[in-house]
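Take a look at the fold below before reading on. The walk goes from the overall layout to individual side chains.

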Amino acid sequence: FNPVYGQTLALGATPLTNTYETQKAWGIYFQDQMDLTDRLKLRLGGRYDNYRQTVLNRNTNRFAPAVHQTQFNPTGGVLYEVSDDISVFAGYGEGFRPNSGVDAASNPFPAELSKSYEVGVRLGEPGGALSGSIAAFTMTKNNISIIYSSRPNHRRLSSIIHSVCVCCLVASTKENAALANDRYGNLSSPIHPIIRKSCMLV
């Protein structure tokens with residue numbers, strides 16, 4: 001394959017798509033985790049986005065409608081330690097991602113939006129002899145820009161719901177657990193390889 005760039009189009013021929021796009025964006029976010037009690041932890045956060053887009057159609061020398069969008073997306077989570085070895089948790093978050101380009105009618109695409117939920121249980125302590133987690137996660141995404149199967153030069157919007165359940169178990173011997181405690185508790189100690197056996201089911 002040896003493409004040659006910069007060639008002149010045949011007389012009377014015009015490209016199907018020829019646009020010049022400008023995007024300007026800025027955002028600010030925050031997140032904090034608070035210990036409400038010895039066993040209850042709360043995480044709260046959010047992100048504010050400010051986005052501008054202009055698209056010039058070079059074939060017609062006309063601009064598509066300008067886009068100026070602001071969006072705030074919250075996020076949060078909670079974890080409760082039922083006992084020293086069992087914790088339950090839940091989380092929620094929203095997402096925002098501007099789409100590039102225009103549709104077949106030269107109209108800009110609205111931004112992609114998402115919402116996600118997660119609940120689960122954590123077992124044991126990280127680095128302990130036995131630890132793991134079981135979690136269920138689902139995400140809904142709208143305004144996903146995809147290519148037309150019959151019109152490759154144009155795009156359209158779609159939606160998707162993605163759900164998954166994950167089970168992860170990590171086991172280590174007492175000797176490896178002791179090495180892990182020594183490694184992270186004493187900075188002057190040599191680094192030892194820690195061998196664990198793990199299993200994940202999705």
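## From layout to side chains

The chain holds one helix and nine strands. This is a predicted model. Followed along the sequence, the elements run β-β-β-β-β-β-β-β-α-β. Eight strands are thus listed before the helix, and one strand after it.

How much of the chain is buried? Buried residues account for 21% of the 202 residues. The accessible surface of the chain is about 14,400 Å². Carbon and sulfur atoms contribute 57% of that surface. Now consider the contacts between residues at least 6 apart in sequence. Of these, 53% join residues at least 24 apart.

Start with strand β4, which covers residues 67–81. Two of its residues make a useful pair. Asn-73 sits in this strand, and so does Tyr-80. Is Asn-73 buried or exposed? Asn-73 is buried, because its relative accessible area is 6% and the cut-off for burial is under 20%. Which residues does Asn-73 touch, leaving aside those up to four places away in sequence? They are Gly-46, Arg-47, Asp-49, Glu-94, Gly-95 and Phe-96. Strand β2 spans residues 40–57 and strand β5 spans residues 86–97.

Tyr-80 is another case. Its relative accessibility is 39%, so Tyr-80 counts as partly exposed. Tyr-80 also belongs to a nonpolar surface patch. The other members are Val-82, Ile-86, Val-88 and Leu-123. Together these residues make a patch of about 390 Å².

Turn next to charge. How many salt bridges does a search of the whole structure find? It finds five. One of them joins Asp-35 and Lys-41, with 3.2 Å between the closest N and O atoms. Asp-35 is exposed, with a relative accessible area of 52%. Lys-41 is partly exposed, at 22%.

A salt bridge also joins the side chains of Asp-84 and Arg-39, at 3.8 Å from N to O. Asp-84 lies in the loop between β4 and β5, and Arg-39 lies in the loop between β1 and β2, so this pair ties together parts that are 45 residues apart in sequence. Asp-84 is exposed, because its relative accessible area is 57%. Arg-39 counts as partly exposed, with 31% relative accessibility.

Strands β5 and β6 are linked in a similar way. The side chains of Glu-112 and Arg-97 meet in a salt bridge, at 3.2 Å from N to O. Glu-112 is in strand β6 (residues 112–123) and Arg-97 is in strand β5, so the pair ties together parts that are 15 residues apart in sequence. Are the two partners buried or exposed? Glu-112 is buried, with a relative accessible area of 8%. Arg-97 is partly exposed, at 45%.

This pair has a further partner. Arg-97, Glu-112 and Lys-141 are linked in a network of salt bridges. Lys-141 comes from strand β7, which spans residues 130–147. Its side chain makes a polar contact with the side chain of Glu-112, at 3.1 Å. Lys-141 is partly exposed, with a relative accessible area of 26%.

What else does Lys-141 touch? Leaving aside residues up to four places away in sequence, Lys-141 touches Glu-112, Leu-113 and Ser-114. Its contacts also include Ser-158, Ser-159 and Ile-160. The C-alpha atoms of Lys-141 and Ser-116 are separated by 8.7 Å. These two residues are 25 apart along the chain.

Finish with the cysteines. A disulfide is a covalent bond between the sulfur atoms of two cysteines. How many disulfides does a search of the whole structure find? It finds zero. Why is Cys-165 not bonded to Cys-167? The sulfur of Cys-167 is the closest cysteine sulfur to that of Cys-165, but the distance is 7.4 Å, too far for a bond. The cut-off is 2.5 Å. Cys-165 is partly exposed, with a relative accessible area of 46%. Cys-167 also counts as partly exposed, at 31% relative accessibility.

Terms used:
Residues numbered from 1 in each chain as written. Predicted model: local features only at pLDDT ≥ 70, side-chain atom pairs only at ≥ 80, totals over all residues. Heavy atoms only, no water. Patch = residues over 30% accessible without salt bridge, like charges linked within 9 Å, V, L, I, M, F, W, Y side chains within 5 Å. Areas by Shrake-Rupley, 256 points an atom, 1.4 Å probe, with all protein chains shown as cover. Salt bridge = Lys/Arg side-chain N within 4 Å of Asp/Glu carboxyl O. Helix = DSSP H or I, 4+ residues; strand = E, 2+ residues; numbered from the N terminus. Buried < 20%, exposed > 50% of the residue type's maximum accessible area, 1.4 Å probe, protein only. Contact = heavy atoms within 4.5 Å. Polar contact = N/O pair within 3.5 Å; in protein donor to acceptor, adjacent residues only side chain to side chain.
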